[in-house]
Structures are given as C-alpha cells and as structure tokens.
Amino acid sequence: MTSRPTRAGHFRIGIDTGGTFTDVVAFDEATGEMLTTKTPSTPSDPAEGFLAGIDKVLALAGFPPGSGEAISAVSHGTTIATNQLLEGKVDRLGFITNAGYEAVLEIARQSVPDGYGNSYFWVKPDRIVPRDLVKGVEGRMTWAGEEIRPFDAEGAREVARWFREQGIDTLGVCLLHSYANSAHEEEMRAILAEEHPDAVVSISSEVLREYREYERSMTTLVDAAVKPKVSAYVRRIADRLAAFTGSRPFDRLRTAQGSTGKGTGVPFYVMKSNGGVLSAAEVVHQPITTVLSGPAAGALGAALVASVAGFDRVLTCDGGGTSTDVSVVVDGEPTLTTEGSVGVYPSKIPMIDVVTVGAGGGSIAWLSPEGTLKVGPQSAGADPGPLCYAKGGTEVTITDAHVVLGRIPPHLLGGEIPLDVDASRKGLEELAGKLGLSVEEAADGVLEISAWNQANALRQITVKRGLDVRDFTLTTFGGSGSLLLCRLMDVLSIPTVLVPPNPGNVSAFGLLTVDVKNDYVQTAVRLASELDAAEAEGLYDRLASQAASALDAEGFGPDEQRFVRTADLRYFGQAFEVRVPVPDGRLDDAVLAGVADTFHAEHRALYGYDFAGDDSQQVEWVNLRVSGIGPIQRPKIRARAVEASAAAPQPRTTRPVCFSPREGYVDTGVFDRSALLPGQQVHGPAIVEEFGSTIPIHPGFVARIDPYDNVIITREGQTSEKGSQK
C-alpha cells in the first residue's frame, strides 16, 4: 500500500458504472501512479456504488474514508442511457411535428434490415412514439430558413393542452428545416412551458442541427426519452459528490459560474459518445450525448493501450454485465460515425462507432416458444443478478454457465463476492432437462450462442464495411470481455488477441485519457463549384465561436483551446456523405479544392471508386462541423524489462475446467496474472486470474506477457501477427 501523500487534491478519478460493477481508476497527477479497483454497482441508488468506489480507491492510496480533499477531478462514464434503450424501457413519449407530416416515424426510410431478402420475415418494430401520440402544428419554413407559412400559435396551445390532459410529460419537437431557422421550434417550446410546465421537452434545433427529418426526429425523441432518467441520475451523483468533496451543490453551479468549470471546486465531467467529456451541469441539457458513454471510454482506453503495445489495427471487445460493445481502431484512433444506433433506435449524433449487443455476463438464457435456446438481450444485471449471486435471481445467465464449467472461480473480486455454484448448477440442470442435454452441454450451448452474438457484432463493424477481420488484433476487456476470446479467435479466424492489464477497468482508465469536447454542426448544402470560400469561412467561424464559448465555460483559456474542422461531402445525387478534414486557417478556393481531392481519395478507400477528373460528376458540400477541444494531462503507460531468462511460470493451484462437453473436465492450472513477468508464456489449457477478470486459455492456445504487461494470445506454433503489429 502506498503511503499517504503529503499534498492533497491531485488524484484524478475515472469511474465507469456498469450494469453489474462500478470500475474505478485513480491517477496521481503528481507521481504518475495509477490505482485500480471495482465495487458492485447499486442499481437502486447508483450514487452509493459511485462513492463507495471513490472511497475504496483512495483507501489504496492510504486515505481514510471521506477524503474528498484528495480529488482534483472526476470523470464518469455511465451505461444508464444505453441500457435503457437496449432493454426498450422507454416511457410514453409525445411527438410534435408539422401538420401533414405526422407519419414521418411510420414511413421512416422504407428500408428492411439485411436487405430485401429479409422482407418476407421482417416485422416492422413498434415506433418510439405510437401514431396516436403524434400531433401536427401548422407553420412552415423553407430549406433556406425562410418562413412561407406562419406558426399557428393557437393550434400549438391546443396541442400542448392535449398532451397535458393525456399525462404525456416527455415531448420531442421536430419541425421541418429547423436546422436553418429554429424560430418555430423555439415558439413551440415557449408555449409548452406556459401550457404544460411539467413537461420535459427536447427540440431538434438544439439536439441535431442538420437535415434529414426522420433521423433528426428520432435523435430528438431519443434525447427526450433518456432525459428524465439521465438528468435525475447526473444530478443525484453530482450532489453526492459535492457533499463528499465540499464543492457547490449541483443546482448552484450554473448560477455561481455558469458551468462546472475549473473554478467551482472539484470538476465533475461525464463521458460523451463522441470521445470527449462534458461538465455535469451541461450534460443534463444534452443527455443523448451520453448514449454509449461507457463503451466510448472503453474504446479510447483500449486504443491507447494497443497503440503503445505496437498494434495499429485493432478491434475492441468490451464485455460487461449487460452488454458487449465492439468498435474498430485504425492508427490508434477509434472510428467516428453519425449513423449510429443503440438497439433499434438510430441516433444521428457524433459518436465513436460502437456496436452494442445484449451479450454480457448477466444476459439471461431462455427458451423460445418453439423450444430453442436463446441468450439475451434481457439481463439480470447486478440486482438480483445471476443465480450464483444468491440475491434472488431465478434465471440462468452467461455467468452461471461459466462458473458451472469452472472457467471462472467460485468468487469474484479476489474473494470479495462468493458465488453459489450449486445454485447455478441447479438452474442449468432444469434448463438442460427442457433441452434434453447434459448440464455441460447446456452451459456450453449458452456460451456458444453468446460467442456467436459477439462474433456477429464484430462482423458488423468489419466484414459489412469492407474490412477483413483477420487483419486486426482483437483487444478484449471488461469484466466478461475475455472469457470467450479463444472461441472468437476460432469463429472469426482472428490471429491475435491482446488483453490489457486490469481489463475490467479499461473503460475507467479511458475516462482519464479523454479531453473535454463539444461538437457543432450546420447544414449548408452547396455544390463545390458554387461554394463561396468566404461564406464557408464565416460558417466555420460561427461554429468555432460556439465551441469557444463552451470551452470558456468549462474553464479552458483561449491558449488551451483547440478546434478541429471537418465537412460532410458527397457526389451530387448520392444519399449519404463522407466526412473529411478541413485544414485550419483561412479558406480560399485552393483549400476548398484540396478538401474535394481528399474526399475523392476517401471515397475510393471506402467504396473502391471515385470520380476525380470526371467533370460530369460534381462534388457537393452538405454539413460543416467544428469540434472544440480542451486538452487534459494523460496517464503514461510504462514498460517493464523483458525477463528473457525468467523460469516458466508455475500455477498457483489447479481446478477442473470444462472447455468442451465432449472432452469433459480437465485438471487445469490457475495462474495469478500479477505474478507473470514480461517474456513468460502460459500454454493452454490454463486459467489466468486477476482481481477484476479471468482469461480462460483453451487447449491449443498460448499466452505471452509483453513489456507493458499485456497478455498476448495466439495459437500454438503461430509465428506472425498478420496485419496488426507496426
């Protein structure tokens, strides 16, 4: 244990609250030391697990309970919005749009998932707002923002009263072309404040200021759907943290300084899906930006670890208690998208391109009406949790299958949480009886379905986008992320897997590596031949001014602020765009032509062709974007010397483990990861255990420890790591 530092207030803490565990990493800004721990999540009051995690990690540094003075800042990642959408727990919403366009959600994009070959079997899912809760209001703007029909204020009042009488307290407003002129939406919001003051309202011109009515409507409604729960959650956490650290209560932060910037005590930031963080006082007004908050932090943390280790093409696989999140990293940077979705809900906001599937440790195994075995997306979460938690759970989960097969120990967190193996076995015996299988076959079947669910998610972000999955290294992390890595290597023919140190805490670590970041967008559809450089520069300047104001409020001075400009371009007539960088500095015709050249190259890289040099095909600008960035100090990942002469590692103990029902249980060595040295190898079958996670190494696989204490898994006899190592 480290002795207590003499100077307080220099521990920056990252906390990732998942469905089962709360992961905590503390970074000592004075010494560069990092401390990690985990504590059970407390779904009934997440603030309890949040503060328990802070006390626990500070205790590792020698501080007594309640030592809030030791903290310099807290960054938080949460899955509350993600899990709400994944599990479809969306309360009744109302939707207000233009009269005559009330069917926009029903029409959607008239597309069938997986192509028209699926059209016979596909059933349109329920809309996020049923048709009877959609109301239209008269008034119309043109695409250029000119009013051609005045807003019907009296009709708007009738709509507001109707929603109040129906008890619909959460509303989304999306009017045509409000990205160009938001006057009608703002008038609608003002009327709602008068006629239905208890309503929680999201308007599209604040949520997503770009065109495409369906996507903008859906994004606005998702923002409204998660706003009550996310806002209450963030406020509760912020108030408890303020009391813990002696800072201002949440509701006084904005009146005191306008934000939770650096002068208000201990800054409290929340992770956004775009790869940045934002102060808690601001994020309650942008709750949709927290969708995929935890997964985004995990992707960034894993990207940094893999890049330092020498891997530049990486797939990340973050397995938690409720879901598994996967993403692509190229040249050390996770890919970004504005075409993402969570579950069945599209969200057209800038986000790290993460695909989420309901395949976590708490995912429930169940039988369909036809009697076939299914796994997820329903989850037992942390409370009541899997059967082996002995907290009232009644259904078999993925964790129960692992513990019965011996792949995880009969306890979690180094013995802090004992597991009831007999309860898991009884549950699997009942499930196996219904399937006509042995207990081991049923448990293996649960894990096989889970592995294929994860593999299909990885295919979705690679094969479906023209990438060869075999060219990537898989990085697994999260409490359950590494349990099926050998099976994923077989299913996908992946040559190499990297498991970072403290894999259960990678998302919390990632929170300490990200900057404060805000994104601003303005739709401005122009042919490249008609785009005026001065007009484009003016639009970028206005977006940059908005970004600068937000960074000022966050406590970043002008000398610290950075701005990144991008644009969405397409060939005239195309339906979708390609995002390309726009250089800093003054824009002129030559710079704009260079952006078009970059677009041609990116289009060829994505689709295999371009129209550079073809005068019959015109380039069209669609959206202009600016990201405002306030940089922070990142932890450094340090290497250890490789012990070339180190003796072969010895297992701490052995236990029976079933890797294949056909082979049955085999006596398997169990290794402490903390005792393994760089350069050492562990040959399967073996189990590598540490505080927050377990790595089952199947027969035919070998794990080696690299200089950064990563576990690198390959097949026996494999000598190359194709396409992954720099």
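The following exercises, each with a worked solution, concern a predicted model.

**Exercise 1. Helix α5**

Determine which span helix α5 should have at 1.5 Å a residue, and where its buried residues lie around the axis.

Solution.
1. Helix α5 comprises residues 183-195, that is, 13 residues.
2. The expected span is 1.5 Å times one less than the number of residues, and for α5 this gives 18 Å.
3. The end C-alpha atoms of α5 are 18 Å apart, which agrees with the expected value.
4. The buried residues of α5 are His-184, Glu-185, Met-188, Ile-191, Leu-192 and Glu-195.
5. Because these residues cover an arc of only 120° around the axis, they are on the same side of α5.

**Exercise 2. The nonpolar cores**

Identify which residues touch the most other members of the largest nonpolar core, and which helix gives the largest share of this core.

Solution.
1. The largest nonpolar core has 91 residues, and Ile-13 and Ile-54 touch the most other members.
2. Helix α7 (residues 213-245) contributes the largest share, with 13 residues.
3. A second core, separate from this one, has 35 residues, among them Val-357, Val-491, Leu-676 and Val-688.
4. When neighbours within four places in sequence are left aside, the contacts of Ile-13 include Ile-54, Val-24, Val-57, Leu-58, Ile-71 and Leu-512.
5. As a general background, nonpolar side chains in soluble globular proteins tend to be buried together.

**Exercise 3. Strand β13 and its partners**

Establish how many residues of strand β13 are buried, and in which sense β13 pairs with β14 and with β25.

Solution.
1. Strand β13 covers residues 313-319; six of its seven residues are buried, so the strand is largely enclosed by the rest of the structure.
2. With strand β14 (residues 324-330), β13 pairs in the antiparallel sense over seven bridges.
3. Leu-315 has Val-328 in β14 as its bridge partner.
4. The connection from β13 to β14 is a hairpin of four residues.
5. Strand β25 (residues 473-477) runs parallel to β13, and five bridges join the two.
6. In β25, Thr-473 stands opposite Val-314.

**Exercise 4. Asp-568**

Decide whether Asp-568 counts as buried or exposed, and state which side chain makes a polar contact with the side chain of Asp-568.

Solution.
1. Asp-568 is located in strand β28, which spans residues 562-571.
2. A residue is buried when its relative accessible area is under 20%; Asp-568 has 4% relative accessibility and therefore counts as buried.
3. The side chain of Arg-579 makes a polar contact with that of Asp-568, at 3.2 Å.
4. Beyond neighbours within four places in sequence, Asp-568 is also in contact with residues including Glu-577, Val-578, Glu-620, Trp-621 and Arg-625.

Definitions and conventions: Residues numbered from 1 in each chain as written. Predicted model: local features only at pLDDT ≥ 70, side-chain atom pairs only at ≥ 80, totals over all residues. Heavy atoms only, no water. Buried < 20%, exposed > 50% of the residue type's maximum accessible area, 1.4 Å probe, protein only. Arc of directions from axis to C-beta. Core = buried A, V, L, I, M, F, W, Y, C linked by side-chain atoms within 4.5 Å. Contact = heavy atoms within 4.5 Å. Polar contact = N/O pair within 3.5 Å; in protein donor to acceptor, adjacent residues only side chain to side chain. Pairing = 2+ DSSP bridges.
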